Amino acid sequence: MKLSYIVPVYKVEKYLNECIDSILAQSMDDYEIILVNDGSPDNCPAICVGYEVRYPDRIRVVHKKNGGLASARNAGLRVAKGDYIFFIDSDDFLKEDRVKDLYEAAVRFD
């Protein structure tokens, strides 16, 4: 697997769908998405599970007690299988082909 996206999730139900959809829309096809529910008290856990059900070969959800951003990223790192890791905050989104461009640049320097 080339790439693991790790998305820490906490109180971002307003933005989460756009974030995940922007990852799914990237042109690279050898990736996984790890959504780390960091004990979010809103509707985020259900949103994450909904995506995991729709994309079981692509998306994995890790549920954990709230521990903050670093703790959530570390939980994602523990299960990531990609050669490269891409952290994206759950209130951000990616423009089309952004990750492909970054990946190609990284591979040139690898």
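Start with the sheet: in this predicted model, 4 strands form an open sheet, and they run in the order 3-2-1-4 with parallel pairing. Colour the strands by number and follow that order across the sheet.

Now select residues 59-63, which are strand 3, and residues 84-87, which are strand 4. These two strands stand at the edges with a single partner strand each, so one side of each has no neighbour in the sheet. Turn the view to look along the sheet, and you can follow its twist, which averages 25 degrees from one strand to the next.

Next, pick strand 1 (residues 3-9) and strand 2 (residues 31-37). The two pair in the parallel sense, over 7 bridges. Show Ile6 as well, and look across to strand 2, where Ile34 stands opposite.

Bring in helix 1, which packs on the sheet and touches strand 1, strand 2 and strand 3. The direction of helix 1 makes about 165 degrees with that of strand 2.

Keep helix 1 (residues 16-24) on screen and add helix 2 (residues 44-54). Their axes are 11 Å apart, and the helices pack at an angle of about 25 degrees. Angles under 35 degrees count as roughly parallel, so helix 1 is roughly parallel to helix 2. The crossing of the two helices is right-handed.

To see what touches what, show side chains on both helices. Helix 1 brings Leu16, Asn17, Ile20, Asp21 and Leu24 to the contact, while helix 2 brings Cys44, Ile47, Cys48 and Tyr51. Coloured by class, this contact of helix 1 with helix 2 has 7 nonpolar residues, 1 polar and 1 charged.

Finish with the aromatic rings. The model has 4 aromatic pairs, and one of them is Tyr5 with Tyr31. This pair is edge-to-face, with 5.5 Å centre to centre and 90 degrees between the planes. Tyr5 sits in strand 1 and Tyr31 in strand 2, so select both strands again: the pair links distant parts of the chain, 26 residues apart.

Notes:
Residues numbered from 1 in each chain as written. Predicted model: local features only at pLDDT ≥ 70, side-chain atom pairs only at ≥ 80, totals over all residues. Heavy atoms only, no water. Axes fitted to C-alpha atoms, helices over the stretch in contact; angles between N-to-C directions. Parallel < 35°, antiparallel > 145°, perpendicular 65-115°, else oblique. Left-handed = near helix turned anticlockwise from the far one by under 90°. Contact = heavy atoms within 4.5 Å. Nonpolar A, V, L, I, M, F, W, Y, C, P; charged D, E, K, R; others polar. Pairing = 2+ DSSP bridges. Phe/Tyr/Trp six-rings, centres within 6.5 Å; stacked < 30°, edge-to-face > 60°.
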